[in-house]
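Open your viewer and get your mouse ready. We'll take a short walk, one selection at a time.

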Amino acid sequence: MSMLRALMIGDVVGDPGLEALETRLPGLIQEKAADFVVVNGENAAGGFGITETAFRRILAAGADVVSSGNHVWEKRDFWPVLETESRALRPANYPPGTPGRGWVRLEKTAAGGRPVSWLVVNIQGRELMSPIDCPFRCFDNILAEQGPPADLFHSLYNSEGNLPAGLRGPGDIILVDFHAESTREKEALAWYLDGRVSLVTGTHTHVQTADERILPLGTGYITDLGMTGVTRSVIGMDPKICLDRARSQVLYRMECAEGTGGVQGVLAEIDGETGKTLTLERIFRA
Ligand SMILES: [Fe+2]
């Protein structure tokens with residue numbers, strides 16, 4: 001069995017998040033022998049959106065792909081980067097015509113010299129968020145471009161719980177960043193994708209959840225990766241401003257918290273033949 005290791009890192013918040021990533025990610029990749037790294041960068045620019053400079057800093061720290069979410073539109077200068085850089089993703093279920101793309105397939109040589117095809121998909125939830133296109137149908141449509149259309153959950157599997165040939169090519173390891181507010185919607189999508197992808201990791205809420213698990217057909221799942229930023233904060237932002245907002249309901253402009261940041265995420269060990277996740281480890285480096 002060939003083992004592959006995927007590292008998924010939660011939303012990078014502002015300069016403290018970028019600095020924490022640059023300080024800790026290279027060592028983490030080495031320590032865990034990670035073959036592929038996805039980092040959510042939608043809050044890297046002062047907490048709101050991402051710039052090309054921040055994107056390149058995240059790549060330089062060791063990310064193979066930078067995913068995002070609803071805040072990706074904040075810095076308009078980044079929109080052309082979404083068009084030209086295949087490693088920069090925005091959620092796939094924005095309507096046709098939206099700048100950028102929501103998934104990318106990258107070939108990368110894993111330890112031992114074996115080439116692996118990684119398919120990374122970034123999707124956004126709709127509950128308590130903008131009512132964009134259906135994340136469930138969006139994912140089906142992406143997979144349909146790779147093989148036969150698939151509409152019905154249980155008919156996707158044979159009696160061994162394996163996907164029919166064509167839906168996932170040999171060596172195609174699928175990682176999903178589901179950027180969503182609702183825990184119910186996040187868990188539902190994970191069950192919908194169980195056995196069809198290797199890993200579904202939630203982002204957006206910035207609070208790491210302790211529910212990492214492997215679903216019955218082999219998909220690894222965590223409701224939220226957490227964030228990469230200052231933990232003595234309110235979701236990476238200055239606690240005083242957040243408190244003032246909450247108490248007065250005046251929308252004071254939030255600013256990043258100051259201090260030293262940590263890195264949060266998960267490491268999945270994936271069977272390179274079946275694509276199933278075998279172990280899932282929650283990571284929090286303060
Ligand atoms: Fe975020």
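One term before we start: two residues are in contact when heavy atoms of theirs lie within 4.5 Å. Helices (H or I, at least four residues) and strands (E, at least two) are DSSP runs, numbered from the N terminus. What you're looking at is a predicted model, where local features need pLDDT of at least 70 and side-chain atom pairs count only at pLDDT 80 or more, while totals for chains, interfaces and linings use all residues. Residues are numbered from 1 along each chain as its sequence is written, and side-chain values use heavy atoms, with hydrogens and water left out.

**Stop 1: the whole chain**

Show everything as a cartoon. You'll find 6 helices and 13 strands. Along its principal axes, the C-alpha trace spans about 55 × 40 × 35 Å. The radius of gyration (taken over C-alpha atoms) is 18 Å, which agrees with the value near 19 Å for a compact globule of 286 residues; that rule is 2.2 Å times the number of residues to the power 0.38.

Now switch on the surface. About 12,100 Å² is exposed, and carbon and sulfur atoms supply 52% of that. The area comes from the Shrake-Rupley method with a 1.4 Å probe. How many of the residues count as buried? Of the 286, 56% do. Buried means under 20% relative accessible area, exposed means over 50%, and partly exposed is in between (1.4 Å probe, protein chains only).

Among contacts with a separation of 6 or more, 64% are between residues 24 or more positions apart.

**Stop 2: helix α2**

Select residues 52–61, which make up helix α2. Which of its residues are buried? Color Ala 54, Phe 55, Ile 58 and Ala 61. Look down the axis of α2: these buried residues fall within an arc of 125°, so they line one face of the helix. (The arc is that of the directions from the helix axis to the C-beta atoms.) Turn to the face pointing away from the buried side, and you'll meet the exposed residues Thr 53 and Ala 60.

What do the buried residues of α2 pack against? Add β2 (11–12), α1 (14–32), β3 (36–40), β4 (65–67) and α3 (79–84) to your selection. Then step just past the end of α2 to Gly 62, which takes a positive phi of about 130°.

**Stop 3: three loops**

Pick Ala 33, in the loop between α1 and β3. Ala 33 is partly exposed, at 40% relative accessible area. Draw a C-alpha to C-alpha distance from Ala 33 to Val 72: they are 39 residues apart in sequence and 30 Å apart in space.

Next, select His 206, in the loop between β8 (199–203) and β9 (213–214). Its phi is near 70°, a positive value in a residue other than glycine. Is His 206 buried or exposed? It counts as buried, at 8% relative accessibility.

Gln 249 also has a positive phi, of about 60°, although it is not a glycine. You'll find Gln 249 in the loop between α6 (239–248) and β12 (261–271). At 62% relative accessibility, Gln 249 counts as exposed.

**Stop 4: Phe 178**

Finish in strand β7 (residues 172–179), where Phe 178 sits. Phe 178 is buried, with a relative accessible area of 1%. Leaving aside neighbours within four places in sequence, its contacts include Ile 123, Pro 135, Leu 189 and Val 200. For a last distance, try Met 3: Phe 178 and Met 3 are 175 residues apart in sequence and 24 Å apart in space, C-alpha to C-alpha.
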